[in-house]
Amino acid sequence: MPSPDRPAATTARAAAGAPGPVLTDGFGRFHDYLRISVTDRCNLRCLYCMPADGLVWKERAEILTFEEIERIAGLLVRQGVRKIRLTGGEPTMRRDLEVLIARLRALPGLQSLVMTTNGLRLADRAARYRAAGLDGLNVSLDTLRPDRFEQMTRRTGLERVRHGLEAALAAGFATVKLNVVVMRGLNDDELPDFARLARTSPLEVRFIEFMPFDRNEWSTDRLVPYAEMRRRVESAVTLQPLAAGPNAVAREFAVAGGAGRIGFVTSMTEDFCAGCNRLRLTADGRLKNCLFSVGEADLRGPLRAGADEAELLAVIRGCVREKWAGHPPPAELAALHNRAMIQIGG
Ligand code: SAM
Ligand code: SF4
């Protein structure tokens, strides 16, 4: 029996996987991609992601349980979400993560379940995650030099990440991507080295423009714009443009004579807001309608107070409706009181 919040037509549309009103914003964008942060903790301290000090970890009771994540994800998948990405903090810090992976994979209608990780723990876990039903992995690695790894992550571990990446490539995932945040004066001289990696490995290397978040040392000077990144990549390899889907977040290229691909995530200089289909669930149960949204909708409170599906959907619908047409330019973003990236998940 359809609830007042889900009239018969809505239910039928959602069941058919067609865009329904709950996940459609005021600009007609349908949100079928959910990114779930499963923890705010991390075993690295990347300087572009979190402040050097002063960040307080959430208490365990504040973090959503697997059951709560599954309930919210299930609700959203029934409304039309087709892709879920697990993130963090560092998602592999969450004990028994494969149990959550298996439960989410079993949601009827979900087409793709992927994860973004720093790769430190992948060497002995990649195969387990694959067996539980994870379809793809993005591994974050910003430098191929051990001293720089320590400078950028404030920890050691480059060799472990490289082993993790090998394990990911051997585990049979549909996609393995490498995320590289590019910062001027820190790792921008490695663009050609990473580009050559995409020629020799079946990897998609994604160069990401440095974005401003709470006390993350962002400045205009440190941002290497897409146009410049591309020039420097093309000094090492020949790029062949690939067709972009309607919700693409990266400009993608094949590498001539190579096994892999190269992508550029250009959120700062050429944003993808017009085709945005992404919602974010934080580890403490807040729904964000944009990476840069300061407003958040609390789902944990109503969930723990016993809200039924219609009440939760009303909160979700309100959050989606409030989404802006697009985020402001980088200098204005830097002045926002948003969370640190580690508390959102990317
Ligand atoms: N710990 C995992 C990892 O590092 O892959 C998942 C969480 S991390 C917040 C998700 C992605 O956001 C990573 O690829 C990371 O490099 C990226 N990221 C973090 N801070 C960023 C920033 N200021 N600008 C651009 N990308 C950023
Ligand atoms: Fe941790 Fe990932 Fe942020 Fe680095 S980017 S501090 S690995 S959450």
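Select Arg-206 first: at 11% relative accessibility, this residue counts as buried. Keep in mind throughout that the model is predicted.

**Stop 1: Arg-206 and its partners**

Arg-206 sits in strand β6, which covers residues 204-209. Show its side chain. One polar contact goes to the side chain of Glu-204, at 3.0 Å. Another goes to the side chain of Glu-252, at 3.3 Å. Now display what surrounds Arg-206, leaving aside neighbours within four places in sequence. Its contacts include Lys-177, Leu-178, Asn-179 and Val-180. Val-249, Ala-250 and Glu-252 also touch Arg-206, as do Gly-263 and Val-265.

**Stop 2: helix α7**

Stay with β6, but select helix α7, residues 191-200. Which residues of this helix are buried? They are Leu-191, Pro-192, Phe-194, Ala-195, Leu-197 and Ala-198. Colour them, then look at what they pack against. Strand β6 is one of the partners. The others are β5 (175-182), α8, β8 (251-255) and β9 (261-265).

**Stop 3: ligand 1**

Select ligand 1 next. There are 20 residues around it, and the ones that come nearest are Tyr-48, Gly-89, Ser-140, Asn-179 and Met-211. Asn-179 is familiar from the first stop, where it was in contact with Arg-206.

Three distances are worth drawing:

- Tyr-48: a backbone N or O atom lies 2.8 Å from a nitrogen atom of the ligand.
- Ser-140: an N or O atom in the side chain is 2.5 Å from an oxygen atom of ligand 1.
- Asn-216: an N or O atom in the side chain is 3.2 Å from a nitrogen atom of ligand 1.

**Stop 4: ligand 2**

Move to ligand 2. Which residues are around it? Three cysteines are there: Cys-42, Cys-46 and Cys-49. Leu-44, Tyr-48, Gly-89, Asn-118 and Ile-342 complete the list. By class, this shell divides into 6 nonpolar and 2 polar residues, with no charged ones. Tyr-48 and Gly-89 are also among the residues that come nearest to ligand 1.

**Stop 5: a cis bond at Gly-89**

Zoom in on Gly-89, in the loop between β2 and α3. Check the peptide bond that leads into it from Gly-88. This bond is cis, with omega near 20°. Most peptide bonds are trans.

Stay in this loop and select Asp-96. The loop runs between β2 (83-87) and α3 (97-105). Is Asp-96 buried, partly exposed or exposed? It is partly exposed, with a relative accessible area of 43%. Draw a line from its C-alpha atom to that of Tyr-129. The two atoms are separated by 10.0 Å, although the residues are 33 apart along the chain.

**Stop 6: two positive phi values**

Go to the loop between β6 and α8 (226-233), and select Arg-215. Its phi is near 45°, a positive value in a residue other than glycine. Arg-215 counts as partly exposed, at 46% relative accessibility.

Now select Glu-217, in the loop between β6 and α8. What is the phi of this residue? The angle is near 65°, again positive and again in a residue other than glycine. Glu-217 is partly exposed, with a relative accessible area of 42%. Most residues other than glycine have a negative phi. Between these two residues in sequence comes Asn-216, whose side chain you saw beside ligand 1.

**Stop 7: helices α2 and α10**

Show helix α2 (residues 66-78) together with helix α10 (residues 309-321). At what angle do they pack? The angle is about 75°, and the axes are 11 Å apart. That makes α2 roughly perpendicular to α10. Display the side chains where they meet. From α2 come Arg-71, Leu-75, Leu-76 and Arg-78. From α10 come Glu-309, Leu-312, Leu-313 and Ile-316. The residues of this contact divide into 5 nonpolar, 3 charged and no polar.

**Stop 8: Ser-293**

Finish at Ser-293, in the loop between β11 (286-288) and β12 (297-298). This serine is buried, with a relative accessible area of 7%. Its side chain reaches the backbone oxygen of Cys-290 at 2.9 Å. Leaving aside neighbours within four places in sequence, Ser-293 is in contact with Lys-288, Trp-324 and Asn-338.

Notes. Residues are numbered from 1 along each chain as its sequence is written. Chains are lettered from A and ligands numbered from 1 in the order in which they are written. This is a predicted model: local features need pLDDT of at least 70, side-chain atom pairs count only at pLDDT 80 or more; totals for chains, interfaces and linings use all residues. Side-chain values use heavy atoms; hydrogens and water are left out. Helices (H or I, at least four residues) and strands (E, at least two) are DSSP runs, numbered from the N terminus. Buried means under 20% relative accessible area, exposed over 50%, partly exposed in between (1.4 Å probe, protein chains only). A polar contact is a pair of N or O atoms within 3.5 Å; within protein, one must be able to donate a hydrogen and the other to accept it, and residues adjacent in sequence count only if both atoms are side-chain atoms. Contact means heavy atoms within 4.5 Å. Axes are lines fitted to C-alpha atoms, for helices over the stretch in contact, and angles run from 0 to 180 degrees between N-to-C directions. Angles under 35 degrees count as roughly parallel, over 145 as roughly antiparallel, 65 to 115 as roughly perpendicular and the rest as oblique. Ala, Val, Leu, Ile, Met, Phe, Trp, Tyr, Cys and Pro count as nonpolar, Asp, Glu, Lys and Arg as charged, and the others, Gly among them, as polar. A residue is near a molecule or strand if one of its heavy atoms lies within 4 Å of it.
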